[in-house]
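Visitor: I am new to reading protein models, and I would like a close look at one single part. Please walk me through it slowly, in plain words.

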Amino acid sequence: MAKKPKITNTIRRLRFDADEMTQKALADQVGVTRQTIVAIENAKYYPTLELAFLIARVFGKEISDVFTIEMDE
Amino acid sequence: MSHEEKNTVLQIIIGIAVNIWVIIKVRGLYASGDMEGPDAIQIWAETMFWVIIFAIVGGIIMAIIGTIVFAIVETAVTGEADQKFITDERDKMIANSGNKITMAFTGFGFIALIAGIKFGYTPVDCLVVLMFCFSLGGLFGELVKLARYRMSI
């Protein structure tokens, strides 16, 4: 059986680069709770496509610059 | 803790209280012999009707008090209370998983009711089982939600 692919992200680094933006500030900008941002950063929760686009837009990046899929062989 | 997670904790406390109350009420009905008479279903239904009404009203009051208490504790610990009552996509996903558990209990209760009647148990006994499945399903649904909140951070 094929393993579930893992989606990693660079949100933590992007926040750091964006003048150390807090998780709460990012959450406020995309309309979710801080806990959801924590869960996404830790790859414990995969956001919907809509939220993924919103997060990428906050940092002025393409969605593929923020989220990457890792396929386990 | 997000607003919905706090709400889940409150719902668990309310769920435990309601389950204990239902057990006490039903035990009282059996002890008094009310569940064996010809009016057993009417007496049980009247009791459960008021249990449900008080559970809803009590739940709302508890939710208000709980929100205030959480805000006070949060302010004391972190210096500021989260005043945004946001329900986001993750909350909805977690709520769905809790609802599935509640639905499973409810479905089991309904099948148990039909099977119980088929195998000769009194309708009122079967209704008691159905009621327990409802209230336990609600409680377990909230417990699953809390577990998912804790595991996904």
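Guide: Let us follow one helix of chain B, from its setting to its packing and its end. The model is predicted, so local features need pLDDT of at least 70 and side-chain atom pairs count only at pLDDT 80 or more, while totals for chains, interfaces and linings use all residues. Residues are numbered from 1 along each chain as its sequence is written, and chains are lettered from A and ligands numbered from 1 in the order in which they are written.

First, the setting. Chain B has 4 helices and 0 strands (helices are DSSP runs of H or I with at least four residues, strands are runs of E with at least two, and both are numbered from the N terminus). Read from the N terminus, its elements follow the order α-α-α-α. The C-alpha trace of chain B spans about 60 × 25 × 15 Å along its principal axes. Of the 153 residues in chain B, 22% are buried (20 or more other C-beta atoms within 10 Å of a residue's own make it buried, 12 or fewer exposed, and anything in between partly exposed, with C-beta atoms placed from the backbone).

Our part is helix α1 of chain B, residues 3-31. With 29 residues, α1(B) reaches 42 Å from its first C-alpha to its last, close to the 42 Å expected at 1.5 Å a residue (the expected span is 1.5 Å times one less than the number of residues). Its buried residues include B:Leu10, B:Ile14, B:Val18 and B:Val22. Polar and charged names are there too, among them B:Glu4, B:Lys6 and B:Asn7. Their cover includes α2 (40-78), α3 (89-118) and α4 of chain B.

Now look at one of those partners. The axes of α1(B) and α4(B), residues 123-151, come within 9 Å and cross at roughly 155° (axes are lines fitted to C-alpha atoms, for helices over the stretch in contact, and angles run from 0 to 180 degrees between N-to-C directions). The two helices are therefore roughly antiparallel (over 145 degrees; under 35 is roughly parallel, 65 to 115 roughly perpendicular and the rest oblique). Their crossing is left-handed: the near helix is turned anticlockwise from the far one by less than a right angle, whereas clockwise would be right-handed.

Which residues meet there? On the α1(B) side they include B:Val9, B:Ile12, B:Ile16 and B:Asn19, and on the α4(B) side B:Met131, B:Phe132, B:Leu139 and B:Tyr149 (contact requires C-beta atoms, placed from the backbone, within 7 Å). By class, this contact has 14 nonpolar, 6 polar and 3 charged residues (Ala, Val, Leu, Ile, Met, Phe, Trp, Tyr, Cys and Pro count as nonpolar, Asp, Glu, Lys and Arg as charged, and the others, Gly among them, as polar).

Finally, step off the end of the helix. B:Ser32 lies in the loop between α1 and α2 of chain B. B:Ser32 is exposed, with 11 other C-beta atoms within 10 Å. From B:Ser32 to B:Met48 there are 16 residues in sequence and 16 Å in space, C-alpha to C-alpha. B:Gly33, which follows α1(B), has a positive phi near 85°.

Definitions and conventions
Contact = placed C-beta atoms within 7 Å.
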